[in-house]
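Here are some short exercises to try with the structure on your screen. Work through each task yourself before reading the solution.

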Amino acid sequence: MGKISGLTIAMLLFLTACNTENGDLGNEQSTGSESGTIEIVIDDELEEVMKNVSNILHSTHQAGTFSNEFSLVDLTTGEIVASYDLGEMYLFGGVWDLENGYYAAHVVSINHEAARIVIFNEQLEVIETLFYDDGEVSALWMGFLQVVEGELIAYVLEAGPDNLSSTIVNPVRFNLHIGEIEILAEIDEQIHIMHQFVDENQIFVTDFIADFHAGSVLSRYGILDLETGETHIFEKENFWYGHLDFRDAQVLITESPSSSFALHHEVILFDVYSMSSHIIQLEEEESIWAHFSFDGSHLVTVNEAASLFRMYDLNGILVNEMEIEIPLTVSGAEMFTVEELERMHLSNSFEIFPIAEGSYVIYTRLALSGPGVFLEDHQIQFVTLT
């Protein structure tokens with residue numbers, strides 16, 4: 001998500017005036033019940049720091065997945081402050097933090113009802129439901145959402161054929177409130193996803209070309225200039241990008257944890273102003289979890305195999321590290337025998353949130369899966385690098 005301004009007075013008045021009929025999804029209710037268990041691991045050195053940190057809410061919905069529930073967890077306390085369950089007839093296809101106290105969720109009906117975006121507040125109460133024709137634009141996950149002058153705007157691609165892998169489609173500004181579509185630029189190069197504005201008229205974009213049978217992939221990334229319609233695209237062979245981290249004029253591109261392609265334990269650091277990038281070599285699998293440090297001058301990451309939280313400079317030189325706890329079990333696993341657990345798979349994924357100079361929250365998602373079994377837990381750990 002790009003940086004957006006706070007809600008305007010018009011937006012506040014508009015959302016307050018929305019009636020229940022417009023915002024209702026049916027019989028679903030917002031509750032404070034937990035989804036999974038959160039264990040808090042607190043570093044004593046952070047006590048004074050945490051007194052000065054405001055609540056940090058984080059959606060537990062995992063990008064690229066479909067589920068009928070999502071929750072908000074307070075990263076400063078570990079509490080799940082609100083949850084929303086759609087029931088059996090609907091799924092969340094994507095959740096966006098609008099960074100103004102509101103969340104937008106793409107809700108999918110298993111009965112193929114009209115496409116909709118639902119706006120929630122921080123208590124996960126439905127504020128408004130916006131229906132739209134999903135045949136007019138590409139999937140919303142291929143773009144990003146912003147509130148602009150009180151209206152929800154999707155910056156996304158034009159509708160194209162089912163297979164976009166070799167088709168050029170233009171970027172558009174799609175007003176979800178009134179259904180208006182405006183072409184932003186006529187482009188002559190293929191892009192796949194628009195991520196966020198990195199300047200007033202520049203959007204960071206990515207694309208990839210994959211040959212799953214050959215095990216090869218080409219990641220493409222760069223800038224779309226809306227004033228000129230030009231794209232400035234760079235390529236990296238044998239690299240499947242994962243998440244992106246934006247800080248000022250720099251973009252950190254990590255590797256994907258997918259097992260489809262080999263990991264090279266590298267991340268890409270792209271500079272928007274100079275239109276240049278360089279590769280930073282990290283240790284095994286650290287390239288998946290890397291994040292900018294609090295001030296953006298370093299990278300921080302998790303080394304799961306060594307149970308370490310590490311900091312590197314922007315040339316890939318290790319400058320600091322500390323031991324952390326890596327969760328080894330999931331609540332509910334005690335119901336199974338040792339033999340049953342040996343046939344299951346436990347996996348961890350990590351997200352890093354800088355909260356102050358030298359202080360970080362590590363949010364760990366644990367999943368235990370097997371035939372007919374899926375258990376999920378979460379852990380929050382506070383760490384301080386001195």
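**Exercise 1. Decide whether Glu113 is buried or exposed, or something in between, and find its charged partner.**

Step 1. At 37% relative accessibility, Glu113 is classed as partly exposed, because buried means under 20% relative accessible area, exposed means over 50%, and partly exposed lies in between (1.4 Å probe, protein chains only).

Step 2. Glu113 makes a salt bridge with the side chain of Arg116, at 2.8 Å from N to O. The term stands for a side-chain nitrogen of Lys or Arg within 4 Å of a carboxyl oxygen of Asp or Glu.

Step 3. Now check the partner: Arg116 has 6% relative accessibility and counts as buried.

A word on the ground rules: residues are numbered from 1 along each chain as its sequence is written, and side-chain values use heavy atoms, with hydrogens and water left out. This is a predicted model, so local features need pLDDT of at least 70 and side-chain atom pairs count only at pLDDT 80 or more, while totals for chains, interfaces and linings use all residues.

**Exercise 2. Find the salt-bridge partners of Arg220 and Glu266, and say which strands they link.**

Step 1. Arg220 pairs with Glu235, and their closest N and O atoms are 3.3 Å apart. This pair links distant parts of the chain, with Arg220 in strand β16 (residues 216–225) and Glu235 in strand β17 (residues 231–237), 15 residues apart. Strands are DSSP runs (E, at least two residues), numbered from the N terminus.

Step 2. Arg220 is buried, at 8% relative accessible area. Arg220 also belongs to a salt-bridge network with Glu189, Asp207 and Glu235.

Step 3. Glu266 pairs with Lys236, the closest N and O atoms being 3.2 Å apart. Here strand β20 holds Glu266 and strand β17 holds Lys236, 30 residues apart. Glu266, at 15% relative accessibility, counts as buried, and so does Lys236, at 19%.

Step 4. For the full tally, the structure holds nine salt bridges.

**Exercise 3. Classify the ring pair Phe204 and Phe270, then the pair Phe208 and Tyr241.**

Step 1. Recall the rule: rings of Phe, Tyr and Trp (its six-membered ring) pair if their centres lie within 6.5 Å; planes under 30 degrees apart are stacked, over 60 edge-to-face, and the rest tilted. The count by this rule is 17 aromatic pairs.

Step 2. The centres of Phe204 and Phe270 are 5.7 Å apart and their planes meet at 55 degrees, so this pair is tilted. Phe204 sits in strand β15 (residues 202–211) and Phe270 in strand β20 (residues 266–271), so the pair ties together parts 66 residues apart in sequence. Phe204 is buried at 0% relative accessibility, and Phe270 is buried with a relative accessible area of 0%.

Step 3. For Phe208 and Tyr241, the centres are 6.5 Å apart and the planes at 70 degrees, so the pair is edge-to-face. Phe208 is in strand β15 and Tyr241 in strand β18 (residues 241–247), so parts 33 residues apart in sequence are tied together. Phe208 is partly exposed at 26%, whereas Tyr241 is buried at 10%.

Step 4. To finish, locate the aromatic cluster formed by Phe204, Tyr221, Phe234, Phe246 and Phe270.

Conventions
Helix = DSSP H or I, 4+ residues; strand = E, 2+ residues; numbered from the N terminus.
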